[in-house]
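Reader: Please take one part of this model and look at it closely, together with whatever surrounds it. I would like a single connected account, with the cut-off behind each term stated as you go.

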Amino acid sequence: MQTFDSAGVPIAYIDVAPEGGAGDPVLLIHGFASNHKVNWVSTGWVRTLTEAGYRVIALDNRGHGESGKLYEPDAYASDLMAEDACRLLDHLGLPRADVMGYSMGARITAFLALMRPERVRSALLGGLGIHLVEGRGLPSGISDAMEAPSSAEVTDPVARSFRIFAEQTRSDLHALAACMRGSRQTLSRGEVAQIEVPTLVAVGTTDHIAGSGPALAALIPNARALDIPNRDHNLAVGDKVHKQGVLAFLAERP
């Protein structure tokens with residue numbers, strides 16, 4: 001991995017050339033408690049995109065993976081994490097990229113598309129639907145679960161699953177607790193209506209964490225929804241329907 005300085009926060013990333021050596025850049029932003037490897041490499045996304053001719057850039061969000069760890073919730077506001085992504089494009093000398101995020105990464109992508117539309121060729125929002133606006137999704141108890149003495153003491157099943165996942169990824173539990181407390185911002189209906197870049201909203205049909213994908217897509221002027229059949233929040237990430245839909249969308253966008 002490589003690292004750059006994002007306003008004092010070390011951000012780790014990979015930059016993978018496509019077959020043939022040149023291609024349109026796609027920036028990948030992973031979800032909460034994950035990292036670039038778990039979200040994008042292990043699921044086959046990096047291989048899928050590079051084989052299709054795209055240059056793939058994937059970062060570890062602040063507080064995750066090999067990037068810098070911060071312990072104040074305010075350090076994880078979605079706009080700050082979007083600026084990390086924008087500074088990575090600056091670091092690589094890229095005026096813009098297609099930006100694809102999953103779950104928390106989709107929230108960051110939406111903020112980036114709203115704040116800096118000139119840097120976002122298209123926005124691919126995976127694992128996040130109308131809860132971007134309505135503010136529901138992951139239970140707030142996840143932050144407390146990260147700070148519990150052990151996963152066995154966490155009673156909420158969703159919170160426990162994230163604690164176990166965080167342990168499996170060898171994450172910094174206190175940094176993740178701060179991230180969960182600080183990164184749950186929403187966008188209003190008026191704000192998502194200002195996102196004008198081509199947008200794909202891809203959500204599993206059994207994903208109750210994300211909320212309705214079509215409901216969110218209906219609020220964004222240049223968006224369409226992709227239903228990922230019979231997939232929940234965890235299984236939709238690397239699903240073949242998801243990959244086929246993204247490749248088709250990228251092939252068609254301006």
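**The sheet and its surroundings**

Author: Ala33 lies in the loop that joins S3 to helix H1 (36–41), where helices (H or I, at least four residues) and strands (E, at least two) are DSSP runs numbered from the N terminus. Its phi is near 70°, a positive value in a residue other than glycine, and with a relative accessible area of 0% Ala33 is buried; buried means under 20% relative accessible area, exposed over 50% and partly exposed in between, with a 1.4 Å probe and protein chains only. This is a predicted model, in which local features need pLDDT of at least 70 and side-chain atom pairs count only at pLDDT 80 or more, whereas totals for chains, interfaces and linings use all residues. Residues are numbered from 1 along each chain as its sequence is written, and side-chain values use heavy atoms, with hydrogens and water left out.

The loop starts from a strand of an open sheet of 8 strands, whose order is S1-S2-S4-S3-S5-S6-S7-S8 and whose pairing is mixed; two strands pair if DSSP finds at least two bridges between them. At the edges stand S1 (2–6) and S8 (223–228), each with a single partner strand, so one side of each has no neighbour in the sheet. Direction ignored, neighbouring strands are turned by 25° against each other on average, axes being lines fitted to C-alpha atoms, for helices over the stretch in contact, and angles running from 0 to 180 degrees between N-to-C directions.

Within this order, S4 (residues 55–59) has antiparallel pairing with S2 (residues 9–16), over 4 bridges, and parallel pairing with S3, over 5 bridges. Towards S2, Ala58 of S4 has Ile14 opposite and Ile57 has Asp15, while towards S3 it is Ile29 that stands opposite Leu59. S4 is mostly covered, with 4 of its 5 residues buried.

Two helices can be placed against these strands. H3 (residues 78–92) packs on the sheet and touches S1, S2, S3 (25–29), S4 and S5 (97–102), its direction making about 115° with that of S1; contact means heavy atoms within 4.5 Å. H11 (residues 240–252) lies across S3, S5, S6 (120–126), S7 (199–204) and S8, and runs at about 160° to S8. The 15 residues of H3 reach 22 Å from first C-alpha to last, close to the 21 Å expected at 1.5 Å a residue, that expected span being 1.5 Å times one less than the number of residues. Among the buried residues of H3 are Met81, Ala85, Leu88, Leu89 and Leu92, and the helix is followed by Gly93, whose phi is positive, near 70°.

Met81 also appears in the surroundings of Met104, which, leaving aside neighbours within four places in sequence, is in contact with His30, Gly31, Phe32, Asn61, His64, Met81, Cys179 and Ser183. Met104 belongs to H4 (residues 104–115) and counts as buried at 7% relative accessibility; its C-alpha atom is separated by 9.8 Å from that of Ser34, 70 residues apart along the chain. Cys179 is one of the buried residues of H8, a helix (residues 173–182) that is mostly covered, with 8 of its 10 residues buried. What covers the buried residues of H8 includes H3, H4, H6 (142–147) and H7 (157–168).

A second positive phi outside glycine, about 50°, belongs to Ala7, in the loop between S1 and S2. Unlike the buried Ala33, Ala7 counts as exposed, at 63% relative accessibility.

The aromatic residues complete the picture. The whole structure holds 3 aromatic pairs, a pair being rings of Phe, Tyr or Trp (its six-membered ring) with centres within 6.5 Å, and planes under 30 degrees apart counting as stacked, over 60 as edge-to-face and the rest as tilted. Phe4 and Tyr13 have ring centres 6.1 Å apart and planes at 70°, so they are edge-to-face, and both are buried. Trp40 and Trp45 are likewise edge-to-face, at 6.3 Å centre to centre and 75° between the planes, and these two are buried as well. The charged end of Lys243 sits over the ring of Trp45, 6.0 Å from its centre, by a criterion that asks for NZ of Lys or CZ of Arg within 6 Å of the ring centre and within 35 degrees of the ring normal.
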